[in-house]
Amino acid sequence: MKIKDEYVLPKNLKKKLSKVNQHLNKFGGRSLTEKEAIRFNIDNNAQSGFEAGSIAFDMSDAPDEYNGLSWHRASANYYHWIGDALISISEEVTNVPYDTPQYLIESITK
């Protein structure tokens, strides 16, 4: 399945991405785009939801501290929820599960 450059997320996935972005914005990060969310499993290949959340905070350019909050000291629940949400958005659209070997990603996305 070739991944389209333009893809409109269904309403339920847009809502999930919106919640992800609310959490990232709370820590001073920028909102991730639909394209970044769709390609998350392809471009980042996280091994767990926790790691995926950490990658998302990094992608959002969240500062070390924002309004007294530090994403580095955020609850593990933030990391897991954000990561799991991005993993599920990406997998639903691209059929690429997280922690997939690169050769399989290439075979799925061709």
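**Close-up 1. The end of α4 and the turn into the loop.** Just after α4, D61 takes a positive phi of about 60 degrees. Bear in mind that this is a predicted model. Right beside D61 is S60, placed in the loop between α4 (49-59) and α5 (76-94). Is S60 buried or exposed? With a relative accessibility of 1%, S60 counts as buried, because the cut-off for buried is under 20%. Setting aside residues up to four places away in sequence, S60 touches L24, G29, R30 and L32.

**Close-up 2. L24 and the residues around it.** S60 turns up again here, since L24 has S60 among its contacts once neighbours within four places in sequence are left aside. The other partners of L24 on that list are G29, R30, L32, A56, F57 and I82. L24 also belongs to the largest nonpolar core, where L24 is one of the residues with the most contacts.

**Close-up 3. The buried side of α4.** Which residues of α4 are buried? They are G49, A52, G53, I55, A56 and F57. What do they pack against? The buried residues of this helix meet α1 (11-26), α3 (40-44) and α5. As a reminder, an α-helix has 3.6 residues a turn, so residues three or four places apart point the same way.

**Close-up 4. The largest nonpolar core.** This core has 26 residues, and L9, L24, F57, I82 and L86 are the ones with the most contacts inside it. Two or more residues come from each of α1, α2, α4 and α5. Helix α5 gives the most, with eight residues.

**Close-up 5. Aromatic pairs, starting with F27 and Y78.** The whole structure holds five aromatic pairs. In one of them, the ring centres of F27 and Y78 sit 5.2 Å apart with the planes at 85 degrees, so this pair is edge-to-face. F27 comes from the loop between α1 and α2 (34-38) and Y78 from helix α5, so the pair ties together parts 51 residues apart in sequence. F27 and Y78 are both buried.

**Close-up 6. F57 on W71, a stacked pair.** Here the ring centres are 5.2 Å apart and the planes of F57 and W71 lie at 20 degrees, so the pair is stacked. F57 is in helix α4 and W71 is in the loop between α4 and α5, so parts 14 residues apart in sequence are tied together. Both residues are buried. Zooming out a little, F57 and W71 join F27, F50, Y78 and Y79 in one aromatic cluster.

**Close-up 7. Two spots in the loop between α4 and α5.** S70 lies in this loop, and so does N67. At 7% relative accessibility, S70 counts as buried, whereas N67 is exposed, with a relative accessible area of 68%. Leaving aside neighbours within four places in sequence, S70 is in contact with F27, D64 and E65. How far from G28 is N67 in space? The C-alpha atoms are 8.1 Å apart, for residues 39 places apart in sequence.

**Close-up 8. Confidence along the chain.** The protein averages a pLDDT of 88, and 94% of the residues score at least 70. Where is confidence highest, and where lowest? Helix α1 is at the top with a mean of 96, while helix α6 (residues 102-109) is lowest with a mean of 82. Where pLDDT is low, the predicted coordinates should not be read in detail.

How values were computed. Residues numbered from 1 in each chain as written. Predicted model: local features only at pLDDT ≥ 70, side-chain atom pairs only at ≥ 80, totals over all residues. Heavy atoms only, no water. Helix = DSSP H or I, 4+ residues; strand = E, 2+ residues; numbered from the N terminus. Buried < 20%, exposed > 50% of the residue type's maximum accessible area, 1.4 Å probe, protein only. Contact = heavy atoms within 4.5 Å. Phe/Tyr/Trp six-rings, centres within 6.5 Å; stacked < 30°, edge-to-face > 60°. pLDDT = per-residue confidence, 0-100. Core = buried A, V, L, I, M, F, W, Y, C linked by side-chain atoms within 4.5 Å.
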